[in-house]
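Thank you all for coming; I would like to walk through one model this morning, and I will go slowly. Please have a look at the sequence and the structure before I begin.

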Amino acid sequence: KYHQRRQKILKIASHFNGPFPQYFLGCLYVFQGKSMPEMFDTLNECHKIYGDDVSLIGAFNDFELELAGSRNVEKVLQSKTTKKAYPYDFLEPWLGTGLLLSFGEKWFQRRKIITPAFHFKILDQFMDVFNKEADILIDKLAQRVDQGEFDIYDYITLYALDSICATSMGVQINAQDDPDNEYAQGVKKVSVFFFRRAFSVLRQFPSLFFLYPYAREQGRVIKKLHDFTNSVIERRRKQLQAEQSVGKVEFNPDAGDLYSKRRDTFLDQLLKVTVDGKPLSTADIREEVDTFMFEGHDTTTSGISFTILNLAKHQDIQRKVFDEIDQMLGADAKTTVLTSALLQEMKYLDMVIKESLRLVPPVPFIGRMLLEDMEMNGTIVPAGTTISLNIFAIHRNPKVFPDPEKFIPERFSDDNDIKRGPYDYIPFSAGSRNCIGQKYALLEMKVTIVKLLASYRILPGESTDQVRYKADLVIRPTCGIPVKLEKRN
Ligand code: HEM
């Protein structure tokens, strides 16, 4: 039976290129003994060697396709008969079946409940928080001015964590005052466990997870992450109860209410909503809070940090962004409260952010499992196949992005002749399961870059050129983001 299945898979795989699969362990040898950055490079190298769509057969006849060609990517993202691929299951003990992991009716219902929390009018209210948190970041960074190279990544992580808690949960956690924040450390650890499991031989046997050397530690770390999100939910619940007991309090942004009295945050909606007449259970709420705390800070941290890296490496481009800020805000650049309308006028900044998300998409891969057969490359790919969509490779198609490794913001100018299809550039994915937080993310990224450049010139450090990429749930730098800061007058 094993042999017959292998023959069947090889026949389908012949419609795609890919490394030769060994009889039992498939193509695992391609990744064996490699470090995380090397694995990431190898995966992307496969596309250079074998083309856009690569067959990668795993251990024990596990058929997997790695797609980077826009035709097949579109088919998968448009299909209504897919679910998230098995590696996402490894996240379930942490994120439950919140919006990222759920599917079918549950996903549809949750997306409907949560979508209004990211309406552009609500996002406008978030701008005060982004401004305030970014000002704190700028203050914290003052101690690094003229002090030589340092890693800015952790500063950005804590800033993004404060921002997501304040905006979406209505709770101030002051992570920026706590460099050893346990939540941020825990997320890093769980992400590495996830990655190691996705590349292990035993990955198809969930019941054997206890054999993994890090299984117990994962349990402990997830418990701490849950304790933290539980405390955020409880704080907000108490705030809302206190408000109810003194009658309805009007929100006044100037009276220190910026965080606690914000109305109808994402968490408020979850606390208040009823489904079939019943409120959501604490477990239901926590899985969404866990999902948004993670998705809402780790991804933007990666996006902001790599934009900073690119600006440090390209002083001419940084100068142009600064000139745009200077032209619009002049001497008030450091103190102006940025609004979404103001940011919308900064066209060059927009191109820089888009190019940075192209070159280093914070979510480099997304995965799906086919629930029905699908036609691809002239063959029928059977239901049950795991598909990985390689956004990092999609963004390096030289026909759409000539000189793909170069950082060229002008690719996104209106006069660029090369036309892009809707699936050639997908940092936030596409289709119905696209990123619900994309507008939020872009606003936060822009506020951070404007505030940073208004106060500091970002210079490359001695090791800036040595930064490589490694990817677990998001792309991270191998040795932080080493930069130097110089004060602007
Ligand atoms: C630069 C920052 C961000 C990037 C590049 C990004 C990218 C993505 C991508 C590629 C997906 C699809 C994942 C998949 O199909 O498996 C996704 C989904 C999602 N993102 Fe983001 N994201 C970012 C920021 C955010 C923020 C700030 C939030 C929340 C405030 C957020 C919340 C979510 C959620 C909840 C989903 C699942 C949506 C669903 O399946 O209905 N993301 N994101």
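Let me begin with a question: is phenylalanine 322 buried or exposed? Before I answer, please keep in mind that what we are looking at is a predicted model. Phenylalanine 322 belongs to helix α12, which covers residues 315–329. The residue is buried, because 20 other C-beta atoms lie within 10 Å of its own, and 20 or more is what the criterion asks for. If we take lysine 487 as a partner for comparison, the two residues are 165 residues apart in sequence, while their C-alpha atoms are 13 Å apart in space.

Lysine 487 brings me to strand β14, which spans residues 482–487 and is joined to β4 by two bridges, with the two strands running antiparallel. Within that pairing, phenylalanine 150 is found opposite valine 483 of β14. Taken as a whole, this is an open sheet of three strands, in the order β4-β14-β11, with antiparallel pairing. Its edges are β4, at 150–151, and β11, at 456–460, each of which pairs on one side only.

There is also an open sheet of five strands, ordered β1-β2-β10-β7-β3, and here the pairing is mixed. The edge strands in this case are β1, residues 54–55, and β3, residues 82–84. Between β3 and β7, which runs over residues 365–370, three bridges make an antiparallel pair, and in it threonine 82 faces leucine 370.

Turning to the helices, α6, at residues 120–141, packs with α16 at an angle of about 35 degrees, and the axes of the two are 9 Å apart. The crossing of α6 past α16 is right-handed. On the α6 side the contact residues include Phe120, Leu123, Phe126 and Phe130, and on the α16 side they include Tyr440, Leu443, Val447 and Leu452. By class, this contact comprises eleven nonpolar, three polar and four charged residues.

Helix α16, residues 438–455, also takes us to the ligand, since α16 and α11, residues 282–313, are each the source of at least two residues of the surrounding shell. Which element, then, gives the largest share of that shell? The answer is α11, with seven residues. There are 24 residues around the ligand, and those that come nearest are Gly296, Thr299, Cys435, Gly437 and Ala441. Sorted by class, the shell consists of twelve nonpolar, eight polar and four charged residues.

I will stop there and take your comments.

Technical notes: Residues numbered from 1 in each chain as written. Predicted model: local features only at pLDDT ≥ 70, side-chain atom pairs only at ≥ 80, totals over all residues. Near = placed C-beta within 6 Å. Helix = DSSP H or I, 4+ residues; strand = E, 2+ residues; numbered from the N terminus. Nonpolar A, V, L, I, M, F, W, Y, C, P; charged D, E, K, R; others polar. Pairing = 2+ DSSP bridges. Axes fitted to C-alpha atoms, helices over the stretch in contact; angles between N-to-C directions. Left-handed = near helix turned anticlockwise from the far one by under 90°. Contact = placed C-beta atoms within 7 Å. Buried ≥ 20, exposed ≤ 12 C-beta atoms within 10 Å, placed from the backbone.
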